[in-house]
Amino acid sequence: MRKTVAALITLGLAALALAGCSAGPSFAGQACSSKATSSVLTNSVTVKGEFGKAPEASFATPTKVQKSSVDDLITGTGSAITEKNQPIVIDVALYDAKTGQSLGSTSFDGSTQVADVNTWDGQLKTIGDALGCATAGSRLLVGFPAGTVAEGGAVAVVDVQKVFLPHAEGSLVYNDALGLPTVVRAPDGRPGIIIPDAKKPAKQVTQTLIRGTGAKVTKDDVLRVQLTSVDWDTRKVLKSTWDAQSVAISATGLEGQTVGSQVLLVIPPADANQSTGADGNGTQAIVVDILGVDTSASLSSGQ
């Protein structure tokens, strides 16, 4: 049995356990059925237009917004937003509730960049709150009370264009891991990496730890991932996206994997590839969760 020295990368692990299956989608510890609605707002605002295209909103002005609220104008059938750091793509059109005038909008043309609920919390918290448990394909009507965004209140139409996986999901894969790092997972899916007391590999090693059920990755894909990299010798975390935002990487080295998979890469300096976080400064163990194919990402910006 190989030894495991003090090399556990905690990364906020609450427990060293495999992530289990939940009974149903939840957000911030609450069941999705608790999502607030406001029929008053839907009586005052009419939204026309196709989902995914710039909406046309008309108001019974002045529309009064008494409190933060959210309604599903269209209920999508896609994946639900269950984590605040889960990558999502949404388009937003914002209006002054008192006048009905536009206060600005995203592009609604497929070029909107990936963000997460944490990002929206920092910009427009009411939208961040409204996104909890929303599903891909949904159109939301969100109300902002007076004095938050506009003096007389505001209304947003939000199209949830895409919801990536929150973490790797699929079946565990057995590997003979003798001499290779061990990966443990917290309930939210984030990995911890244990480096063994063993000779580090001279050539790159790739192991599938979880096999996802999504589409097969091709060499031309740009992938949306969460990743953690650890230096083999120092056992220190070199990079982790779990407490920031997911990143877009090239599929180089991950061709043939499937969306939803978790992959362990052990990369010596000679095989370093910055697309997966290896910088060539020593042997690195990298765990990559493949959350989806990102068709709008720019690798040069890392978004």
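Among contacts in the protein chain between residues at least 6 apart in sequence, what percentage join residues at least 24 apart? In this predicted model, the share is 74%, where contact means heavy atoms within 4.5 Å. Local features are described only where pLDDT is at least 70 and side-chain atom pairs count only at pLDDT 80 or more, whereas totals for chains, interfaces and linings use all residues. Residues are numbered from 1 along each chain as its sequence is written, and side-chain values use heavy atoms, with hydrogens and water left out.

The predictor's confidence in each residue is given as pLDDT, on a scale from 0 to 100. For the protein chain the mean pLDDT is 84, and 83% of the residues reach 70 or more. The pLDDT is below 50 over residues 1–23, a stretch that has 52 contacts in the model beyond near neighbours in sequence. Where pLDDT is low, the predicted coordinates should not be read in detail.

The secondary structure of the protein chain consists of three helices and 18 strands; these are DSSP runs numbered from the N terminus, helices being H or I with at least four residues and strands being E with at least two. Of the 303 residues, 48% count as buried. Buried stands for a relative accessible area under 20%, exposed for over 50%, and partly exposed for values in between (1.4 Å probe, protein chains only). The accessible surface of the protein chain is about 14,200 Å², and 50% of this surface belongs to carbon and sulfur atoms. Accessible areas were obtained by the Shrake-Rupley method with a 1.4 Å probe, and for residues only the protein chains shown count as cover.

An open sheet is formed by five strands in the order 5-8-9-6-7, with antiparallel pairing; two strands pair if DSSP finds at least two bridges between them. Strand 5 (69–74) and strand 7 (102–105) stand at the edges with a single partner strand each, so one side of each is left without a neighbour in the sheet. On average, neighbouring strands of this sheet are turned by 20° against each other, direction ignored. The underlying axes are lines fitted to C-alpha atoms, for helices over the stretch in contact, and angles run from 0 to 180 degrees between N-to-C directions. Strand 6 (residues 88–96) and strand 7 run antiparallel and are joined by three bridges. Tyr95 has Ser102 in strand 7 as its bridge partner.

Strand 8 and strand 9 of this sheet are separated by a loop that contains Ala146. Ala146 counts as partly exposed, at 49% relative accessibility. Its C-alpha lies 7.5 Å from that of Gln66, although Ala146 and Gln66 are 80 residues apart in sequence. Outside its neighbours within four places in sequence, Ala146 is in contact with Val65, Glu151, Gly152 and Gly153.

Further along the chain, strand 14 (residues 222–231) and strand 15 run antiparallel and are joined by three bridges. Thr228 is paired with Ser240 of strand 15 as its bridge partner. Five residues lie between the strands of this hairpin, in which Arg235 takes a positive phi near 65°. The loop between strand 13 (205–212) and strand 14 holds Ala215. Residues up to four places away in sequence aside, Ala215 touches Gln257, Thr258 and Val259. Between Ala215 and Val259 the C-alpha to C-alpha distance is 5.5 Å, with 44 residues separating them in sequence.

Eight salt bridges are found in a search of the whole structure, a salt bridge being a side-chain nitrogen of Lys or Arg within 4 Å of a carboxyl oxygen of Asp or Glu. One of them joins Arg139 and Asp159, whose closest N and O atoms are 2.6 Å apart. This pair links distant parts of the chain, with Arg139 in strand 8 (residues 139–144) and Asp159 in strand 9 (residues 154–163), 20 residues apart. Arg139 counts as buried at 2% relative accessibility, and Asp159 counts as buried at 0%.

Asp188, Arg190 and Asp243 are linked in a network of salt bridges. In this network the closest N and O atoms are 3.1 Å apart for Arg190 and Asp188, and 2.8 Å apart for Arg190 and Asp243. Arg190 lies in the loop between strand 11 (182–185) and strand 12 (191–194) and Asp243 in the loop between strand 15 (237–240) and strand 16 (247–250), so this pair ties together parts that are 53 residues apart in sequence. Arg190 is buried at 10% relative accessibility, Asp188 is partly exposed at 28%, and Asp243 is exposed at 59%.
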